Amino acid sequence: MAVITISRQVAALGDEIATALAKEIGYKFIGRKDIEARIVELGFPAEKLKKYDERKPGFFASLAKDRDEYLDYLQLAVLEAAAKDNCILIGRGSFVILENLPNHFAVRFVANEAVRMERLKQEFGWEDKQAKQRISESAANRVGFHKSFFNVDNEDATHYHLVLNTGMLDVDSSVKILKELKDIVVTPEKEAEGKKKVEELLSAQRLVNKLVFEYNLNINFLHAVISGTTLTLQGVADSSALVEKAMSVAQKTFPDYKIESAISVVQDFKAYP
């Protein structure tokens, strides 16, 4: 079935529509707390989440090794959810992580600033200044988060199948549109292709996490790509010995695959201060 990802501006009814859509089509809505809980369960310290979770990392946080570890855990959590099908994921760069899935349906919700300010004022009892500040801070954090972790502009409409203006459409109307378009975008053929692709992505990410967290291999920007029966490791290491170890572990983990290295060896490379 389809995997739906939702990107939204603050107070653009993203959570409300996602919840209603999930109920209407029988999908599981995986929200912020669900992803956060799984990231912590996988091994990322809960006290460090606030530095990275859908916000622009501070200068030193952006240079820390925790940043890459958070991304590895985040990608694994999102891919695990997508592998179960019939789910709706909101935020956390899920539209980028899953963009190559044939059965992926990406949606973004926006609304006029005045409309969103009024919603925030009604919900929290805020004045104009507080509502405007919340909108500005949220937009800056989300732009910074996506730029820092994925080098994409989350406000670029070309990343989505559909952008809906919830200042003009209510929750019920949005759900009706999404329900119909989802069936048009995600055909049975794409569902089958997507199921295979997400398993490949998940297996590749599990290997990355295994190399980083179980074997403690200090290979920066480590990434694994599966194409047919070939698995390629990418990244930057400071010695050939690290590359050989990673290749050996990968071969044992994927005995039926051809393992190739695209890891650059740079002597005295240090990604973190």
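These notebook entries record what I looked up in the structure.

**Entry 1: the chain as a whole**

I began with the overall form of the chain, noting that the model is predicted. The chain has 11 helices and 8 strands. I compared the radius of gyration with the rule for a compact globule: for 273 residues the rule gives a value near 19 Å, and the chain has 20 Å, which agrees. The C-alpha trace spans about 60 × 45 × 30 Å along its principal axes. I then looked up burial and found that 46% of the 273 residues count as buried. Of the contacts with a separation of 6 or more, 71% join residues 24 or more positions apart.

**Entry 2: the sheet**

I next traced an open sheet of 5 strands and read its order as β2-β3-β1-β4-β5, with parallel pairing. Which strands stand at the edges? They are β2 (28–30) and β5 (162–165); each has a single partner strand, so one side of each is left without a neighbour in the sheet. From one strand to the next, the twist averages 20°.

I followed the pairing of β1 (residues 3–8) with β3, which is parallel and runs over 4 bridges. In this region Ile4 stands opposite Ile88 of β3. I also noted that α5 lies across β1, β2 and β3, and that it runs at about 155° to β3.

**Entry 3: the nonpolar cores**

In soluble globular proteins, nonpolar side chains tend to be buried together. I therefore looked for the largest nonpolar core of this model, which holds 33 residues. The members that touch the most others are Ile39, Tyr70, Leu74, Leu89, Leu98 and Phe150. Among the elements that give two or more residues to this core are α2 (32–42), α5 (65–83), β3 (87–90), α8 (128–150) and α10 (188–214). Which element gives the largest share of this core? I found that α5 does, with 11 residues. A second, separate core has 22 residues, including Ile4, Ile6, Ala22 and Tyr27.

I listed the contacts of Phe150, leaving aside neighbours within four places in sequence: Leu71, Leu74, Gln75, Arg92, Gly93, Val96, Ile97 and Phe145. I then turned to Gln75, which lies in helix α5. Its relative accessible area is 16%, so I entered Gln75 as buried, the cut-off being under 20%. Not counting residues up to four places away in sequence, Gln75 touches Ile97, Phe150 and Gln205.

**Entry 4: the aromatic rings**

I searched the whole structure for aromatic pairs and recorded 12. Tyr52 and Tyr70 have ring centres 5.8 Å apart and planes at 25°, so I entered this pair as stacked. The pair links distant parts of the chain, with Tyr52 in helix α3 and Tyr70 in helix α5, 18 residues apart. Both Tyr52 and Tyr70 are buried.

Tyr73 and Phe213 are likewise stacked, because their ring centres lie 4.3 Å apart and their planes meet at 5°. This pair also links distant parts of the chain: Tyr73 belongs to helix α5 and Phe213 to helix α10, 140 residues apart. Are its two residues buried or exposed? Tyr73 counts as buried at 8% relative accessibility, whereas Phe213 is partly exposed at 23% relative accessible area.

Finally, I noted that Phe44, Tyr52, Tyr70, Tyr73, Phe145, Phe149, Phe150 and Phe213 form one aromatic cluster.

Technical notes. Residues are numbered from 1 along each chain as its sequence is written. This is a predicted model: local features need pLDDT of at least 70, side-chain atom pairs count only at pLDDT 80 or more; totals for chains, interfaces and linings use all residues. Side-chain values use heavy atoms; hydrogens and water are left out. A nonpolar core is a set of buried Ala, Val, Leu, Ile, Met, Phe, Trp, Tyr and Cys residues joined through side-chain atoms within 4.5 Å. Buried means under 20% relative accessible area, exposed over 50%, partly exposed in between (1.4 Å probe, protein chains only). Contact means heavy atoms within 4.5 Å. Rings of Phe, Tyr and Trp (its six-membered ring) pair if their centres lie within 6.5 Å; planes under 30 degrees apart count as stacked, over 60 as edge-to-face and the rest as tilted. Two strands pair if DSSP finds at least two bridges between them. Axes are lines fitted to C-alpha atoms, for helices over the stretch in contact, and angles run from 0 to 180 degrees between N-to-C directions. The radius of gyration is taken over C-alpha atoms; the globule rule is 2.2 Å times the number of residues to the power 0.38.
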